[in-house]
Amino acid sequence: MAYGGQRQIREARSRRAAIVALAATLVAGRSSHAVMDATTECLIGFSGVPDADKNGGTITCTDCDPACDDDGAGTANGSCTFTLQLCANRAEGACTGTALKRVKVRGKCRGTSSLGFSPSGEASSCGPMSGVLAKLKKSGTKPGKCKIVVMTRSSTKPRKVDKDTLTLVCNPRPSGEACPTTSTTTTTVSGTSTTTLMCPPPATGEVSQCAPIVVGQPIAGTYVLNGTTGEFRCTTNSSTNRFGTCTDDAQCGGTAGMHTMCLQLPWVTADGQVMPFPSTVQTVFTVGAAGSFPTCEHGVCVPCGNPHASCAGIPGCEVAGNPNGCIPRGTQGCCNQPGFLVPTFFVNILGGLCSRVDQIDCGLGVVNTSKPQTGDNEVTKNADTSDPGADCCYNGHPGSECLGGTNLNDDPTLAAQGGCTAAGAGNDYKGKIVSTIGNGSPDANGIHYRLTTPELSTTWSDDPNQSPPGTCANGATYDDMELLISQLVLQAQPTTAGATGSFIDMNGDGCRRAGQGFIAATNAATDGPITVGPSPGPLKPQPYDGSSGAVSAAVSEVFSGPSSPIKDIGFVAITPNMPAAVVAPPVACCCSVTAGCPE
């Protein structure tokens, strides 16, 4: 019994020792296992998705919804394409970047395998964009799902692991329901344009390989460009050194000591008139999602709100019966939430006038942050005053230039228009303006902007009780019974890369312009081409480091119509800006562009 008792005690001790050894082994083994917790959550994640799903979740889309289905199909096609990107080392909270092995991606849907990439060191980096296809089931009548599992681990010890799962769901479009009529691209060729939609709120927390618009900030978001003053430059009317630097008119072909041709930026010229422009112009724009690397061209939307809201700056155009003679678009209101803001300013002609610019529709454009710069954002606008007919293209020209895609060959003859005179072809709003983007060469290094915003320019003689002679009171409005001098619809397209405008004869009838042009009807250079560039001219992009702002210019033509004494004119606007700044919270921006004429 004693022997047996001792044996039992020894066995019990042995069992306890084995348990302790096993526990020690398990503890030791656990301490060598990889870490996967809040300190590793930022090592890999999804981009191009709502912020709540960047570390996994479920995203749902309906077939042919352009807000989420990126296949570009205008009809339901039994699938949804989700454009995704993986980004590594997006430091957040307790998680910091670390050196990682290649990102592993699992999933059966087409496009999944293209998401994998090898992160670069401990810095934030992103892989390629890929369209992942989720197909409907049961002959397109049941939702289809696609599960993507991504994982990465650190290349050094202690091992850190991050694993995320994203489920993509494609729902069928209800039988008989049409797809939304908008797409996510815009093209302007010879006066025709597709419709554009950029409605979802900007993605937040997105990391891109492209240079940021604001250092340290994700590209997707809302920004503001605030105007500022610039250097002195010779104006469009200068006989020499046009757009060159100057100290007085002597460098511009004028008289020393004078400043009628040598003016400090910003300024605007139109039909020979020179107008100092407010330095407090403001442009707010939204980038819905970062463009793909390496082109890094990011689509931009300039908000408007309701384009036909009551226009507080020109109540004289809202009087019943339009007794003040506003142009048709002037009576239809303006944006109540404009992204483009221009304070009322003074025009020093005819004893002193007031002028203002109101945004009348949403705007579109691009910001290019490629480094080195690969964008090509010069804008060339050519105009012809001859009536192109209802199809907005001249007889015999290809259908691709026409509204609706078909040439109706319906142009009235020049004689039927009253000849190439101010009382004839110049006495209406008809004509054609063709906008061309790019000149075949990359732009200068830096961040370039190219924006298009529809505007209504109104110039009037203000009530002397509100604006004493020779002045324009701050915040002055065009009111009932005040004298309207001119009202123009402008399709301004400022760019930092270079801008050119010309009146040309597009249809061979010998008539290109019936009015003052860019300078004056008697000036040989009034038809152009008028070019503002980096040389000659002050245009420049914003430096990548945001140390200074950009300088942009808009050059275009206007058919000012029967109410205007100046008829067909050209305008040049040069505006220096401060560096772009982030607007918080970001603003969702939708823009639907309707094809029109003259552009």
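Six residues stand out in the largest nonpolar core, which has 27 residues: Phe82, Leu84, Leu86, Val132, Ile148 and Leu168 touch the most other members. Welcome to this structure, which is a predicted model. Below is a short tour of that core, a four-stranded sheet and the second largest pocket.

**The nonpolar core**

- Strands β1 (44-47), β2, β3 (79-88), β6 (130-135), β7 and β8 each give two or more residues to this core.
- The biggest contributor is β3, with five residues.
- Val132, one of the residues that touch the most other core members, has a long list of contacts even when its neighbours within four places in sequence are left aside.
- Among these contacts of Val132 are Phe82, Leu84, Ile148 and Leu168, and those four also belong to the group that touches the most other core members.
- Val132 is also in contact with Cys80, Thr81, Cys109, Arg110, Gly111, Thr112, Leu115 and Cys146.

**The four-stranded sheet**

- Strands in a sheet pair through backbone hydrogen bonds, and the pairing can be parallel or antiparallel.
- Here, four strands form an open sheet in the order β2-β8-β7-β4, and the pairing is mixed.
- At the edges sit β2 (57-62) and β4, each of which pairs on one side only.
- From one strand to the next, the twist averages 20°.

**How β7 meets its partners**

- Strand β7 (residues 144-153) runs antiparallel to β4 (residues 104-106), and three bridges join the two.
- Looking along that pairing, you can find Lys104 opposite Met151 of β7.
- Arg106, in turn, stands opposite Val149 in β7.
- With β8 (residues 161-171), β7 pairs over ten bridges, again in the antiparallel sense.
- One place to look for this pairing is Thr152, whose bridge partner in β8 is Asp162.

**The second largest pocket**

- The second largest pocket holds about 790 Å³ of space.
- Its lining is made up of 43 residues, and those closest to the pocket's centre are Val268, Phe277, Val357, Leu490 and Phe571.
- Strand β23 (residues 448-461) supplies the largest share of this lining, with six residues.

Conventions. Residues are numbered from 1 along each chain as its sequence is written. This is a predicted model: local features need pLDDT of at least 70, side-chain atom pairs count only at pLDDT 80 or more; totals for chains, interfaces and linings use all residues. Side-chain values use heavy atoms; hydrogens and water are left out. Two strands pair if DSSP finds at least two bridges between them. Axes are lines fitted to C-alpha atoms, for helices over the stretch in contact, and angles run from 0 to 180 degrees between N-to-C directions. A nonpolar core is a set of buried Ala, Val, Leu, Ile, Met, Phe, Trp, Tyr and Cys residues joined through side-chain atoms within 4.5 Å. Buried means under 20% relative accessible area, exposed over 50%, partly exposed in between (1.4 Å probe, protein chains only). Contact means heavy atoms within 4.5 Å. On a 1 Å grid over the protein atoms alone, a cavity is a set of points where a 1.4 Å probe fits but cannot get out, and a pocket is an open set with protein on both sides within 12 Å along at least five of seven lines; lining residues have an atom within 4 Å of a point. Grid points are joined across faces, edges and corners, and a volume is the space filled by probe spheres set on the points.
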